[in-house]
Amino acid sequence: MSLKINRYKCGYCGACVGVCPKGALELVETWVEVDESTCITCGICDRICPVGAIEVMK
């Protein structure tokens with residue numbers, strides 16, 4: 001499993017970064033980056049994203 005972030009849809013609000021229990025998401029300038037080695041694909045970021053830019057790929 002992995003995360004797919006639609007960078008054209010993402011508003012870079014940082015909500016996903018704040019809720020990630022493992023700190024796997026990082027807001028870098030105008031990009032949200034995922035540390036795949038840390039991410040546990042729990043889907044919390046997917047549920048909190050106000051614009052639906054994050055999708056957990058199964």
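User: In which strand of this predicted model is the place of S2?
Analyst: The model is predicted, and its residue S2 is partly exposed, with a relative accessible area of 26%. Apart from its neighbours within four places in sequence, S2 is in contact with E36, T41, E55, V56 and M57. The strand that holds S2 covers residues 2-5 and is β1.

User: How many Å apart in space are S2 and E33, C-alpha to C-alpha?
Analyst: S2 belongs to β1, whereas E33 is in β3. The two residues are 31 residues apart in sequence. From C-alpha to C-alpha, the separation of S2 and E33 in space is 12 Å.

User: In what sense do strands β2 and β3 pair?
Analyst: Strand β2 takes in residues 25-28 and strand β3 residues 31-34. Within this pair, E26 stands opposite E33. The strands are joined over four bridges, and the sense of their pairing is antiparallel.

User: Which residue in the hairpin of β2 and β3 takes a positive phi?
Analyst: The hairpin has two residues between its strands. Most residues other than glycine have a negative phi. In the loop between β2 and β3, a residue other than glycine has a phi near 50°. That residue is E29.

User: Is E29 buried or exposed?
Analyst: The place of E29 is in the loop between β2 and β3. Its relative accessibility is 74%, and the cut-off for an exposed residue is over 50%. Therefore E29 counts as exposed.

User: Where is T41 found, and what is its phi near?
Analyst: T41 is buried, with a relative accessible area of 14%. Leaving aside neighbours within four places in sequence, its contacts are M1, S2 and V56. T41 is found in the loop between β3 and α2, the latter spanning 44-48. Although T41 is a residue other than glycine, its phi is positive, near 45°.

User: How many disulfides does the count come to?
Analyst: A disulfide requires cysteine sulfur atoms within 2.5 Å. The sulfur of C10 has its closest cysteine sulfur in C16, at 6.2 Å, so the two are too far apart for a bond. C39 is likewise in no disulfide, as the nearest cysteine sulfur, that of C45, is 6.3 Å away. The count of disulfides comes to zero.

User: Are C10 and C39 buried or exposed?
Analyst: The cut-off for a buried residue is a relative accessible area under 20%. C10 has a value of 15%, and C39 has a value of 18%. Both C10 and C39 are therefore buried.

User: Which elements give two or more residues to the largest nonpolar core?
Analyst: In soluble globular proteins, nonpolar side chains tend to be buried together. Here the largest nonpolar core has 14 residues, and those with the most contacts inside it are L3, I5, C16, L25, V32, C45 and I54. The elements that give two or more residues to this core are β1 and β4 (54-57).

User: Which residues is V32 in contact with, leaving aside its neighbours within four places in sequence?
Analyst: V32 is among the residues with the most contacts inside the largest nonpolar core. Its contacts outside the near sequence include the cysteines C10 and C16. The full list is I5, R7, C10, Y12, C16, L25, E26 and L27.

User: About how many Å³ of space lies in the largest cavity?
Analyst: The count comes to one cavity of 30 Å³ or more. The largest cavity is lined by 13 residues, and those nearest its centre are C20, P21, C39, C42 and C45. The space within this cavity is about 70 Å³.

Terms used
Residues numbered from 1 in each chain as written. Predicted model: local features only at pLDDT ≥ 70, side-chain atom pairs only at ≥ 80, totals over all residues. Heavy atoms only, no water. Pairing = 2+ DSSP bridges. Buried < 20%, exposed > 50% of the residue type's maximum accessible area, 1.4 Å probe, protein only. Contact = heavy atoms within 4.5 Å. Core = buried A, V, L, I, M, F, W, Y, C linked by side-chain atoms within 4.5 Å. 1 Å grid on protein atoms, 1.4 Å probe; cavity = no way out; pocket = protein on both sides within 12 Å on 5 of 7 lines; lining within 4 Å. Points joined across faces, edges and corners; volume = space filled by probe spheres on them.
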